[in-house]
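Reader: I am new to reading protein models, and I would like to go through this one slowly, one question at a time. Could we look at it together?

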Amino acid sequence: MTALLATSDPVLLEFAELVRTEGKVAVEGNRTRWDVGGMLDAEARVLSAPEGIVDYKPDEMTAVVRAGTTVAELHAALAEKGQRSALPERGGTVGGALAVGESDFRSLGRGLIRTCLLQIRYVSAEGRIISSGGPTVKNVSGFDLPRLMVGSLGTLGLMAEAIIRTNPIPPASQWLSAPGVPTRVVADAVLAPSSLYEHEGTTWVQIEGHAADVTAEIAVLKNSGDFDEVDAPDETQRPAPAPKIAVDAVVSALNDQIKRNFDPDGRLNPGRDVLAA
Ligand SMILES: Cc1cc2nc3c(=O)[nH]c(=O)nc-3n(C[C@H](O)[C@H](O)[C@H](O)COP(=O)(O)OP(=O)(O)OC[C@H]3O[C@@H](n4cnc5c(N)ncnc54)[C@H](O)[C@@H]3O)c2cc1C
């Protein structure tokens, strides 16, 4: 379901006022991925998205959060109820994480960033608040705009508020690593690792779940390679972002068409190119 001006929240209405109806404009989060997709046009006004957790329903596993809230703040609130989300927590904001659209390196356990966004409220190039998606699957009809906004680098709309799906923090968790074990071998051996990747010759695995299951999975893993229990990987041991792939000319043309439909005058986050990200 997509609706125009679907809010009476004065905070969101004030954000829409700031975006105005003309002139180049961008939103900054914490600038941890600021130059992804190209440098911002120097003429653009730079705004901050509204902040704050508006509503959190642990039983329904949904949180309504304004886009300028840091992912760390959201996750701290969720952790009090034993929950987390698929948003990557690397110093940025909810809006920034959604705009960049990279999934967390533990996405096997936490879910993909694209699927954790249930509803988005954004300010369009015409300065209107658009609300799309809904807190339950049944509310969603028509094109899935929330998923289109993920990874759009703020070029289609400036995100103001999101409903994020939450999920439980498993009671037990353990990282293991081993030199040179093919990830395929691990995937075949253990039931559902929360993270699995190879980095500079080392294979990293995170096992999560109930304590007894984690213990059993660790035993299976140790039978399939020279695995040791280790601390969580630090920044230097995490996987690098996926390499860029060549974009088909037809896809590129379609992309331009979508951008023109959302933002005919090129006022939203000018200078960013999602295909260059
Ligand atoms: C060392 C390091 C490693 C990282 N590794 C990962 C990783 O592995 N996986 C991962 O997913 N992320 C990673 N990140 C990035 C992190 O996830 C950021 O939280 C997030 O992606 C960007 O958030 P930000 O608030 O800093 O956005 P910014 O850098 O401020 O903005 C990024 C882009 O989003 C746009 N934008 C920001 N807010 C909005 C909004 N409300 N509406 C529309 N557009 C908006 C900006 O205009 C800009 O184009 C890493 C960051 C660092 C510093």
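Reader: Which residue in β9 does Arg66 stand opposite?

Author: The model is a predicted one, and in it β5 (62-66) pairs with β9 in the antiparallel sense over 5 bridges. Arg66 belongs to this pairing as the last residue of β5 (62-66), and the residue that it stands opposite in β9 is Glu161.

Reader: Over how many bridges do β7 and β9 pair?

Author: Strand β7 covers residues 117-123 and β9 covers residues 158-168, and within β9 the bridge partner of Leu117 is Ile164. The two strands, β7 and β9, run in the antiparallel sense, and the number of bridges in their pairing is 6.

Reader: Which residue of β9 stands opposite Gln83?

Author: Gln83 lies in strand β6, residues 83-85, which pairs with β9 in the antiparallel sense over 3 bridges. Opposite Gln83 in β9 stands Pro168.

Reader: Why is β9 described as largely enclosed by the rest of the structure?

Author: A residue is called buried when its relative accessible area is under 20%, and this is the cut-off to apply along the strand. Strand β9 is largely enclosed by the rest of the structure because, of its 11 residues, the number buried is 9.

Reader: Within what arc do the buried residues of α1 fall, seen down its axis?

Author: Helix α1 spans residues 10-19, and its buried residues are Leu12, Phe15, Ala16 and Val19. In an α-helix there are 3.6 residues a turn, so residues three or four places apart point the same way. Pro10, Glu14 and Glu17 are exposed on the other side of α1. The buried residues of α1 line one face of the helix, because seen down the axis they fall within an arc of 100 degrees.

Reader: At the start of α1, which residue has its backbone nitrogen reached by a side-chain oxygen of Asp9?

Author: Just after α1, Arg20 takes a positive phi of about 60 degrees, but your question concerns the start of the helix. There, a side-chain oxygen of Asp9 comes to within 2.9 Å of a backbone nitrogen, and that nitrogen belongs to Val11.

Reader: How much area do domain 1 and domain 2 bury between them?

Author: The domain assignment gives domain 1 as 2-168 and domain 2 as 172-237, and their centres, taken over C-alpha atoms, are separated by 32 Å. In contact are 7 residues of domain 1 and 10 residues of domain 2. Of the area buried between domain 1 and domain 2, 47% is on carbon and sulfur atoms, and the total is about 580 Å².

Key:
Residues are numbered from 1 along each chain as its sequence is written. This is a predicted model: local features need pLDDT of at least 70, side-chain atom pairs count only at pLDDT 80 or more; totals for chains, interfaces and linings use all residues. Side-chain values use heavy atoms; hydrogens and water are left out. Buried means under 20% relative accessible area, exposed over 50%, partly exposed in between (1.4 Å probe, protein chains only). Helices (H or I, at least four residues) and strands (E, at least two) are DSSP runs, numbered from the N terminus. The arc is that of the directions from the helix axis to the C-beta atoms. Contact means heavy atoms within 4.5 Å. A polar contact is a pair of N or O atoms within 3.5 Å; within protein, one must be able to donate a hydrogen and the other to accept it, and residues adjacent in sequence count only if both atoms are side-chain atoms. Two strands pair if DSSP finds at least two bridges between them. Domain bounds come from an automatic or database domain assignment. Buried area is the accessible area (1.4 Å probe) that two parts lose on being put together, summed over both.
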